[in-house]
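Please open the structure in your viewer and keep the selection tool at hand. The stops below each name something to select and then say what is there.

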Amino acid sequence: MRFTLTALVLGLLVATTSAQQRSPGAMTPQIDSILKSIRAADKGLLAVSEEDGRFLRVLVAMRSAKSVLEIGAASGYSGIWLGLGARESRGRVVSIEYDPQRAKEAADNIQKAGLTDVVRVVHGDAFAEIPKLQGTFDLVFLDAWKPDYKRFFDMVYPRLDPGGVFLAHNVINKASEMEPFLKTIQAHPGLFTSVVSPGSEGMSVSYKLR
């Protein structure tokens, strides 16, 4: 009996220590399975690559982002990665999706991933929905209709906090569809901008100076 009780206590101590050491934004087998299922069903190749997703999680956590805006949720793949970063930084994500079916899929996937406490999916036209949101943003991820990139940037930039980060997807493989946006962020006096390629699509990273 003494051995059984001792083993039980030790087991509880190990479990408690593991739970304390596990990061709030850590990957779990359940979330990993959901991410894989989203990519498997993504016939339109709307989801970001896995490496892009990991990059988003790192940036949210590094920035200690509290207010994250995603424009273009698709089926929630990138929203899950953003949510993992936001859980680490104790932040919140608002993810806007225009297409009703994809918005429903995104909300369902966020729920399955157990991230509804940090990620809210909004169905609607982002040009109409963004003005309804309160406050400012310290990180914005744009992955919507490419010719609209500059319009979205012009709308969101005044609400991006100094030291905030504006990210845009597909800036390498679809650069020809967003030339006005790329020229703007590369020449903007209030930004430091770099283009990186965690995956093959490319992502612009713009840091707001003031």
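Begin by selecting Asn 170, which counts as buried because its relative accessibility is 7%, under the 20% limit that the word buried requires. Bear in mind throughout that this is a predicted model. Asn 170 is found in the loop between β5 and α8 (179-187), and it has a positive phi of about 70° although it is not a glycine.

**The whole chain**

Now select the whole protein chain, which has 8 helices and 7 strands, and whose C-alpha trace spans about 75 × 40 × 35 Å along its principal axes. Of the 210 residues of the chain, 46% count as buried. Among the contacts in the chain with a separation of 6 or more, 74% are accounted for by residues 24 or more positions apart.

**The sheet**

Next, colour the strands and follow the open sheet of 7 strands, in which the order is β3-β2-β1-β4-β5-β7-β6 and the pairing is mixed. At the edges stand β3 (119-123) and β6 (191-196), and each has a single partner strand, so one side of each is left without a neighbour in the sheet. As you look along the sheet, note that the twist from one strand to the next averages 15°. Strands of a sheet pair through backbone hydrogen bonds, either parallel or antiparallel, and the next stops show examples of each.

**Strand β5 and its two partners**

Select residues 160-169, which form strand β5, a mostly covered strand in which 8 of the 10 residues are buried. With strand β4 (residues 137-142) it pairs in the parallel sense over 5 bridges, and if you pick out Val 140 you will find it opposite Phe 166 in β5. Add helix α7 (residues 149-156) to the selection, and you have the right-handed β-α-β unit that is made by β4, α7 and β5. In which sense do β5 and strand β7 (residues 203-208) pair? Here the pairing is antiparallel, over 5 bridges, and His 169 stands opposite Met 203 in β7.

**From β4 to β1**

Keep β4 selected and add strand β1 (residues 67-71), since these two strands run parallel and are joined by 4 bridges. Within this pair, Val 68 has Leu 139 of β4 as its bridge partner.

**Strands β2 and β3 with helix α5**

Move now to β2 (92-97) and β3, and show helix α5 (residues 100-112), which lies across both strands and runs at about 165° to β3. The two strands run parallel and are joined by 5 bridges, and the bridge partner of Ser 95 is Val 121 in β3. Together, β2, α5 and β3 make a right-handed β-α-β unit.

**Ala 126**

Which residues does Ala 126 touch, leaving aside those up to four places away in sequence? Select Ala 126, whose place is in helix α6, and display Ile 71, Ile 96, Pro 131, Phe 152 and Met 155, which are the residues that it touches. Ala 126 counts as buried, because its relative accessibility is 7%, below the limit of 20%. Although Ala 126 and Glu 70 are 56 residues apart along the chain, their C-alpha atoms are separated by 9.6 Å.

**Ala 74 and the cavity**

Go on to Ala 74, which lies in the loop between β1 and α4 (77-89) and has a positive phi of about 55° although it is not a glycine. With a relative accessible area of 13%, Ala 74 is buried. Ala 74 also belongs to the lining of the largest cavity, together with residues that include Leu 46, Val 48, Gly 72, Tyr 77 and Asp 143. This cavity has a volume of about 50 Å³.

**The largest pocket**

For the last stop, turn on a surface display and look for the largest pocket, in which about 650 Å³ of space lies. Of the 28 residues that line it, the closest to its centre are Arg 102, Asp 143, Ala 144, Trp 145 and Lys 146, so named here for you to select together. To the lining of this pocket, β2 and α6 (126-129) each supply at least two residues.

How values were computed. Residues are numbered from 1 along each chain as its sequence is written. This is a predicted model: local features need pLDDT of at least 70, side-chain atom pairs count only at pLDDT 80 or more; totals for chains, interfaces and linings use all residues. Side-chain values use heavy atoms; hydrogens and water are left out. Buried means under 20% relative accessible area, exposed over 50%, partly exposed in between (1.4 Å probe, protein chains only). Two strands pair if DSSP finds at least two bridges between them. A crossover is right-handed if, with the strands pointing away from the viewer, the path from the first strand over the helix to the second runs clockwise. Axes are lines fitted to C-alpha atoms, for helices over the stretch in contact, and angles run from 0 to 180 degrees between N-to-C directions. Contact means heavy atoms within 4.5 Å. On a 1 Å grid over the protein atoms alone, a cavity is a set of points where a 1.4 Å probe fits but cannot get out, and a pocket is an open set with protein on both sides within 12 Å along at least five of seven lines; lining residues have an atom within 4 Å of a point. Grid points are joined across faces, edges and corners, and a volume is the space filled by probe spheres set on the points.
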